Amino acid sequence: MLRKGAALLILLALAAGAWGQGLNVPPGVTKDDWEEINFEFNSSVLVDGFPSLLRLAELLQQNPGFKVQVEGHTDTIGGAQYNDRLGLARANAVRDFLIKYGAQAGTIRATSTGKANPR
């Protein structure tokens, strides 16, 4: 079973900010065109969302002044401390992916809300 993961809200916020900064966005593209980022249950291994993450990495590479905060989320199963660590591991997995594909490390901040704000 898949659980929704780290980056969905951050991608939407970045997309909205990018359009506000006058980037060339194709007609008809909205912030809702970003796909969800998911993980296997109880895991920080990315299982989907790769096209959106590649688009984001390219956007960050082309616009080094952009800053992104990636929030890791979990469900409500398990203890708070465990879920905080899992959420951070998920956020770091997204951060590492973005860096691997061209984003600068200093432009991405990874945080966790654990089970305090499940998604």
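This section describes helix H2, an aromatic cluster and the surroundings of Asn83 in a predicted model. Local features need pLDDT of at least 70, and side-chain atom pairs count only at pLDDT 80 or more, whereas totals for chains, interfaces and linings use all residues. Residues are numbered from 1 along each chain as its sequence is written, and side-chain values use heavy atoms, without hydrogens and water.

Helix H2 covers residues 50–62. Helices here are DSSP runs (H or I, at least four residues), numbered from the N terminus. The end C-alpha atoms of H2 lie 18 Å apart. This agrees with the expected span of 18 Å for 13 residues, taken as 1.5 Å times one less than the number of residues. The buried residues of H2 (under 20% relative accessible area, 1.4 Å probe, protein chains only) are Ser52, Leu53, Leu56, Ala57, Leu59 and Leu60. They cover an arc of only 165° around the axis, so they sit on the same side of H2. The arc is taken from the directions from the helix axis to the C-beta atoms.

Phe50, Phe97 and Tyr101 form one aromatic cluster. Rings pair if their centres lie within 6.5 Å; planes under 30 degrees apart count as stacked, over 60 as edge-to-face and the rest as tilted. Two aromatic pairs result. Phe50 and Phe97 form a tilted pair, 5.7 Å centre to centre with 35° between the planes. This pair links helix H2 to helix H3 across 47 residues. Phe97 is buried at 13% relative accessibility.

Asn83 lies in helix H3 (residues 80–100). Asn83 is buried, at 1% relative accessibility. Lys115 is 32 residues away in sequence, yet the C-alpha atoms are 5.8 Å apart.

Definitions and conventions:
Helix = DSSP H or I, 4+ residues; strand = E, 2+ residues; numbered from the N terminus. Buried < 20%, exposed > 50% of the residue type's maximum accessible area, 1.4 Å probe, protein only. Phe/Tyr/Trp six-rings, centres within 6.5 Å; stacked < 30°, edge-to-face > 60°.
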